[in-house]
Amino acid sequence: MAEKDRFVSPAGFRLYRLSSAPGSYSLFCRLRSWLQREAAMAKVARQQQQDGSVIKKIENVRMLDRYNSKKTSAGTLYLTATHLIFFDTENNKESWVLLMHIGNVEKLPITTTGCPILIRCKTFLSVTFVIPKERDSHNIFTSLLVLCQPAKIEDVYCFLYKSNSDKISKSAGWDSFNLEKEYQRMNVPNESWSLTTLNQDYQLCDTYPKFLFVPSSVSTSILVGSSKFRSKERLPVLTYLHRNKASICRCAQPLSGFNARCMEDEQLLTCILYTNPGSEYMHVVDTRPKINAMANRATGKGYENENFYDSIKFNFLGIENIHVMRNSLSKVVDLCEQRNLSMSQFIGGLDNSGWLRHIKTILDTSTFICQAVNSGKSVVVHCSDGWDRTAQVCSLASLMLDPYYRTLQGFQALIEKDWLAFGHKFSDRCGHIAGDSKEVSPVFTQFIEATWQLTMIQPTSFEFNERFLLILHDHVTSCQYGTFIGNCEKERVDLKLKDRTFSFWGYVEEHKKEFLNPLYSAQTETMIPDLSPQNIRFWRGMYCRFENGVHPREHVYDILLATSEQTKSMDDHVKFLQKRLSYFKRKITDGADMVKNTLFSKEICIEPMSYNREDNIIQSMNDAFDDLTVMEPKLDEAHKVAIEWKSLREAVSCECSTDSSTKKYHCWKCGNVFCTRCINMNVSLPGHLSQDPVPVCHGCRKIVSRSSTESS
């Protein structure tokens with residue numbers, strides 16, 4: 001595609017119907033010219049305005065309430081190279097929308113009050129801005145179309161992003177996972193499984209990782225032959241080895257057509273079966289509905305012929321394709337945006353979307369694999385190309401089988417292995433750049449939700465909380481970090497993301513305490529969830545988290561974490577006060593003993609007390625109490641800590657708000673609630689015995705600093 005035509009693709013204009021407008025061709029030409037200018041402007045903005053300089057500023061803009069059109073906020077709209085910012089002048093509040101989070105932009109019909117623009121985000125935020133002038137509205141609309149979906153992968157946010165915290169270096173998190181070490185944790189390689197170097201330069205399969213583990217008994221010719229017989233050259237390789245030697249292998253569908261066969265592929269599956277000597281057969285799980293697999297035969301693909309594979313049981317488990325899932329989620333989003341729904345309308349609409357049925361099917365398939373492996377049977381899993389449904393069920397089955405993957409570090413390893421290393425197409429599925437909109441699908445969103453469903457069924461089995469899952473989901477689409485950029489490992493290596501961008505895992509490590517589940521209890525056994533229909537829930541925290549406006553509601557885990565931190569602060573303050581009381585008690589006792597010894601000494605008892613002697617005693621007592629005052633200053637404002645912490649939902653202390661991923665923090669000294677920009681420093685409080693640095697607001701930090709200066 002020529003560079004000049006890049007911005008007029010159907011995906012770019014999916015919500016602007018040019019053909020329906022009078023003189024549509026001339027309008028088309030004008031818009032193409034405008035978008036070309038906007039593209040040039042956006043490129044300059046990305047190169048020269050990385051400091052957040054404003055590209056466009058529009059005053060007298062109204063932001064409509066999602067559920068009450070009569071309730072509006074008036075203010076100023078700012079467009080920068082990375083964010084759309086609305087400043088509510090009356091309430092002195094900011095609302096930030098990351099441009100890469102924008103899923104689509106729609107111009108609504110002009111009203112008497114202005115030109116509305118509806119923005120729907122990949123985080124399920126929906127917001128409408130009413131702009132007074134049509135020209136300004138058009139400028140914002142066309143600029144957003146360009147900026148929210150760059151034409152090139154090098155123009156996404158992660159290549160511009162600079163951390164505002166000195167604590168997180170660009171290298172942090174990139175080396176936290178090593179694929180070879182993860183397999184070593186599973187005792188691989190061993191006598192049955194070996195590392196092959198055939199894909200060292202991604203020559204065998206360019207969407208697989210460079211390190212592949214295959215049965216030790218297979219030859220190079222078998223691997224090459226099987227690769228040629230599988231879609232996208234994605235041959236069966238090991239992804240998980242259980243402690244009972246049963247394994248999970250993954251691949252793509254065979255290019256079998258109606259009657260084709262491959263001896264090398266049959267031999268490879270036989271070798272996989274023999275790696276588990278305690279089992280007489282193994283399963284091949286085709287995650288697709290059988291009718292879909294049969295339809296693929298007409299295109300030269302399909303599924304394995306049972307007559308050619310010995311000691312193998314074949315199972316079709318009916319997970320729908322990416323197009324069905326995309327349409328299903330679209331119905332959920334539309335349902336959640338409707339106003340004044342009755343209970344029957346909401347339940348009927350949710351059932352009509354089929355979304356929860358899809359989630360349950362994914363969990364049922366994963367549980368089938370988990371139970372098979374746990375009972376000692378190896379499983380080979382594939383769908384069509386082996387990077388969507390295969391990634392979902394392999395990772396979820398591993399999550400159930402291995403308690404390590406239910407920790408924060410283990411969950412990171414699971415995503416790195418089954419999603420990033422084995423080539424889930426994050427950039428295509430999340431729509432990071434302009435392209436075919438039919439490739440976009442909520443595959444990873446379903447994995448995140450399926451994990452959340454498991455945390456609801458067994459809430460003490462997972463080290464991480466719901467907030468972590470939401471942050472993970474949002475940053476996959478934000479492109480703020482280079483971790484999820486690209487469609488495979490080879491693309492990420494070619495883009496040199498490790499050297500040019502920050503890692504999401506570095507951010508997670510820095511904010512680890514925010515993501516911990518206070519109910520977690522480490523376990524060692526396999527997790528077999530109860531997937532009864534009544535246990536599958538609608539995830540309000542994901543799809544309706546902005547129901548109260550642009551700013552998301554808090555989860556109970558955030559409240560529990562805040563309570564835990566408050567308890568820790570109070571315990572530390574109590575220890576400080578106990579130490580002071582002990583000190584005063586000791587000093588008072590020592591002073592009393594001194595007076596007693598002085599008054600009742602032999603000299604005092606025998607001889608009458610002189611005035612000089614009495615003065616000396618009084619002076620000694622005064623000196624003792626003066627020493628007490630010098631060594632232990634009086635309690636002042638700096639020694640106070642917050643006894644009562646304000647509610648997260650009723651926070652009024654912080655007058656600014658950022659995007660939906662921004663967490664609110666309590667100041668440990670005053671108890672008020674602030675965003676990360678207003679509470680970005682940790683200091684030691686004089687009122688804490690441990691003197692560990694804790695979060696404080698700017699005002700309290702000045703009080704503590706002033707007290708430290710005066711005392712020194």
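In this predicted model, strand E12 (residues 282-286) runs parallel to E13, and 5 bridges hold the pairing together on paper. Within that pairing, Val285 sits opposite Asn315 of E13. The two strands belong to an open sheet of 5 strands, ordered E10-E11-E14-E12-E13, in which the pairing is mixed. Strand E10 (237-241) and strand E13 (312-316) make up the edges, each pairing on one side only. On average, and ignoring direction, neighbouring strands here are turned by 25° against each other. Helix H5 (residues 263-274) packs on this sheet, where it touches strand E11 (247-251), E12, E13 and strand E14 (379-382). The direction of H5 makes about 125° with that of E12.

Just ahead of the edge strand comes Ser311, found in the loop between helix H6 (290-296) and E13. Is Ser311 buried or exposed? Neither label quite fits: the relative accessibility of Ser311 is 40%, so this serine counts as partly exposed. Leaving aside residues up to four places away in sequence, Ser311 touches Leu273, Glu280, Tyr281 and Met282. The C-alpha atoms of Ser311 and Met282 are 6.8 Å apart, although 29 residues separate the two in sequence. Tyr281, one of the residues touched by Ser311, also has a charged residue over its ring: Lys313 lies over the face of Tyr281, at 4.1 Å from the ring centre. A second arrangement of this kind involves Arg261, which lies over the face of Phe308, again at 4.1 Å from the ring centre.

The other sheet to look at is an open one of 7 strands, with antiparallel pairing and the order E4-E3-E2-E1-E7-E6-E5. Strand E4 (93-98) and strand E5 (102-107) stand at its edges; each has a single partner strand, so one side of each is left without a neighbour in the sheet. From one strand to the next, the twist averages 30°. As for what holds such an arrangement together, strands of a sheet pair through backbone hydrogen bonds, either parallel or antiparallel. In the middle of the listed order, E1 pairs on both sides. Strand E2 (residues 72-80) is joined to E1 by 8 bridges, and the two run antiparallel; Val61 has Gly75 of E2 as its bridge partner. Strand E1 (residues 54-64) also pairs with strand E7 (residues 126-131), in the antiparallel sense and over 3 bridges. Across this pairing, Arg62 is matched with Val130 of E7, while the bridge partner of Met63 is Phe129. In a regular strand the side chains alternate between the two faces of the sheet.

Turning to the interior, the largest nonpolar core takes in 126 residues, and the members that touch the most others are Phe411, Ile415, Phe468, Leu472 and Tyr543. What does Tyr543 touch beyond residues up to four places away in sequence? The list runs to Arg66, Phe124, Leu329, Val332, Cys336, Trp355, Thr445, Glu449 and Phe538. There is also a second, separate core of 25 residues, with Cys121, Leu125, Leu145 and Phe546 among them.

Aromatic rings give another view of the packing, with a count of 37 aromatic pairs. One of these joins Tyr481 and Tyr507, whose ring centres lie 5.8 Å apart with 35° between the planes, making the pair tilted. The partners come from distant parts of the chain, 26 residues apart: Tyr481 is in the loop between helix H14 (466-478) and helix H15 (489-495), and Tyr507 is in helix H17 (residues 504-510). Both Tyr481 and Tyr507 are buried. Tyr507 pairs with Phe515 as well; these ring centres are 6.3 Å apart and the planes meet at 50°, so this pair is tilted too. Phe515 is buried, like Tyr507.

For the protein as a whole, there are 22 helices and 18 strands. Of its 712 residues, 54% count as buried. Among contacts with a separation of 6 or more, residues 24 or more positions apart account for 69%.

Notes
Residues numbered from 1 in each chain as written. Predicted model: local features only at pLDDT ≥ 70, side-chain atom pairs only at ≥ 80, totals over all residues. Heavy atoms only, no water. Phe/Tyr/Trp six-rings, centres within 6.5 Å; stacked < 30°, edge-to-face > 60°. Helix = DSSP H or I, 4+ residues; strand = E, 2+ residues; numbered from the N terminus. Buried < 20%, exposed > 50% of the residue type's maximum accessible area, 1.4 Å probe, protein only. Lys NZ or Arg CZ within 6 Å of the ring centre and 35° of its normal. Pairing = 2+ DSSP bridges. Axes fitted to C-alpha atoms, helices over the stretch in contact; angles between N-to-C directions. Core = buried A, V, L, I, M, F, W, Y, C linked by side-chain atoms within 4.5 Å. Contact = heavy atoms within 4.5 Å.
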